[in-house]
Amino acid sequence: MPSLSSRKSLRARVAVAGIGLGVVVSGVVVASPATAAQPCDAQYQSALAIQKQIESHNKQPRTFELPAQRAAYDAYNARASRLNSQMAAARKNYNACKAAVRELFELDIKQDPPSPDPTAVAKIKDAAAKIPAGYTPPALSKPTRSTTAVAVAAELQPLYDALDDVSLTDSDTVKLQNVSKPDEGDQDPAYSAKSGRTIVKGPDGKAAVTADRVTPLARVLSIEGFTQLSPESMYFVSRAPLNLQWLSPNAALSRKSGSVAAVTGVDDTWLDKQVDMQTTVEDKLKTLIAQLIASEKK
């Protein structure tokens, strides 16, 4: 993601008599991203719009004869002060968005998340528009073993379908919850070592393990503030590695069904750790969603 300049703007100066110079503004932004589909692009474009106003301001005559042109001089400097404040706010919003997305994707300061899929974002936008005006998703209860299976509210079904159609990860090398993707023959962590259960080979010849959400998508949609996000932010939150883990098919089914867990003999300690993990992840998602919402305000 491109960076915004951190150069400070000039402070206003007041002339006592004679010739007064109006204040120019130096809130400079780097060149626009190569494509429109960039993380935090809305915040970036907002900053660019303010920069155009700054450039227009700085091109205006800024020499005033005082005290005769005091009103024009003050108006010019007042606009400079307003643009300074607006650029500072735009830079803050952009950086806050970048920080939130990086945390969602568990990246360091030098890494950028993948650009959103324009087609997926368009579907999410259309689906979000179908949410009835004034609708508020049901409040979430505290995560338990049973909250991994959640019904989708009818009002959110189109949005759920659009978000569920997005690929979670295309990489077999990424770590999820600080755990690498298991190989064929590795012990399945959802079962005790005594069980002898291991990761088997899938139909594609690779280890039968997939990226699965820690907090189910149906619950993600009901996290406070999610439906207020922009389509791009919904895209990032819904597929964030922060909310993913590697699971075998039986482990994934066991999280969703107590009967499957009982039949397959999933380890109770593992199930309890899943609840703790879900609680931690949901708290982080709630915080980052609030951060993204704040960054999207103009």
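Angles under 35 degrees count as roughly parallel, over 145 as roughly antiparallel, 65 to 115 as roughly perpendicular, and the rest as oblique. The model shown here is predicted: local features need pLDDT of at least 70, side-chain atom pairs count only at pLDDT 80 or more, and totals for chains, interfaces and linings use all residues. Residues are numbered from 1 along each chain as its sequence is written, and side-chain values use heavy atoms, with hydrogens and water left out.

**View 1. The whole chain has 9 helices and 4 strands.**
Helices (H or I, at least four residues) and strands (E, at least two) are DSSP runs, numbered from the N terminus. Starting at the N terminus, the order of elements is β-α-β-α-α-α-β-α-α-β-α-α-α. Of the 298 residues, 44% are buried (under 20% relative accessible area; exposed is over 50%, partly exposed in between; 1.4 Å probe, protein chains only). Take the contacts (heavy atoms within 4.5 Å) with a separation of 6 or more. Residues 24 or more positions apart account for 75% of them.

**View 2. Helices α2 and α9 pack against each other.**
Helix α2 covers residues 70-104, and helix α9 covers residues 268-296. Their axes lie 8 Å apart, at an angle of about 155 degrees. Axes are lines fitted to C-alpha atoms, for helices over the stretch in contact, and angles run from 0 to 180 degrees between N-to-C directions. The two helices are therefore roughly antiparallel. The crossing of α2 past α9 is left-handed (the near helix is turned anticlockwise from the far one by less than a right angle; clockwise would be right-handed). On the α2 side, the contact uses Asn-93, Ala-96, Cys-97, Ala-99, Ala-100, Val-101, Glu-103 and Leu-104. On the α9 side, the contact uses Leu-285, Leu-288, Gln-291, Leu-292, Ala-294 and Ser-295. These residues divide into 10 nonpolar, 3 polar and 1 charged. Ala, Val, Leu, Ile, Met, Phe, Trp, Tyr, Cys and Pro count as nonpolar, Asp, Glu, Lys and Arg as charged, and the others, Gly among them, as polar.

**View 3. Helices α3 and α6 meet at about 110 degrees.**
Here the axes are 9 Å apart. The angle makes α3 roughly perpendicular to α6. Helix α3 brings Ala-120, Val-121, Ile-124, Lys-125 and Ala-128 to the contact. Helix α6 brings Pro-231, Glu-232, Met-234 and Tyr-235. The contact residues divide into 7 nonpolar, no polar and 2 charged.

**View 4. Strands β3 and β4 pair in the antiparallel sense.**
Strand β3 spans residues 210-213, and strand β4 spans residues 244-247. Their pairing runs over 4 bridges; two strands pair if DSSP finds at least two bridges between them. Find Thr-210: Leu-247 of β4 stands opposite. Now look at the two faces of β4; both are covered. Leu-244 and Trp-246 are buried on one side, and Gln-245 and Leu-247 are buried on the other.

**View 5. A cis peptide bond joins Leu-66 to Pro-67.**
Omega of this bond is near 10 degrees. Pro-67 sits in the loop between β2 (63-66) and α2. Strand β2 also holds Thr-63. Thr-63 has a relative accessible area of 49%, so this residue is partly exposed. Measure along the sequence from Thr-63 to Tyr-73 and the gap is 10 residues; C-alpha to C-alpha in space, they are 8.1 Å apart.

**View 6. Cys-40 and Glu-106 have positive phi without being glycine.**
Phi is about 60 degrees for Cys-40 and near 55 degrees for Glu-106. Cys-40 belongs to the loop between β1 (18-21) and α1 (41-59). Glu-106 belongs to the loop between α2 and α3 (118-128). Cys-40 is buried, at 6% relative accessibility, whereas Glu-106 is partly exposed, at 39%.

**View 7. Pro-137 touches Ser-222.**
Pro-137 lies in the loop between α3 and α4 (157-164). Ser-222 lies in the loop between α5 (217-220) and α6 (231-238). Both count as buried: Pro-137 at 16% and Ser-222 at 13% relative accessibility. Leave out residues up to four places away in sequence. Pro-137 then touches Leu-156, Leu-221, Ser-222 and Thr-227. Ser-222 touches Pro-137, Pro-138, Leu-140 and Leu-156. Pro-137 and Arg-219 are 82 residues apart in sequence, yet 9.7 Å apart in space, C-alpha to C-alpha.
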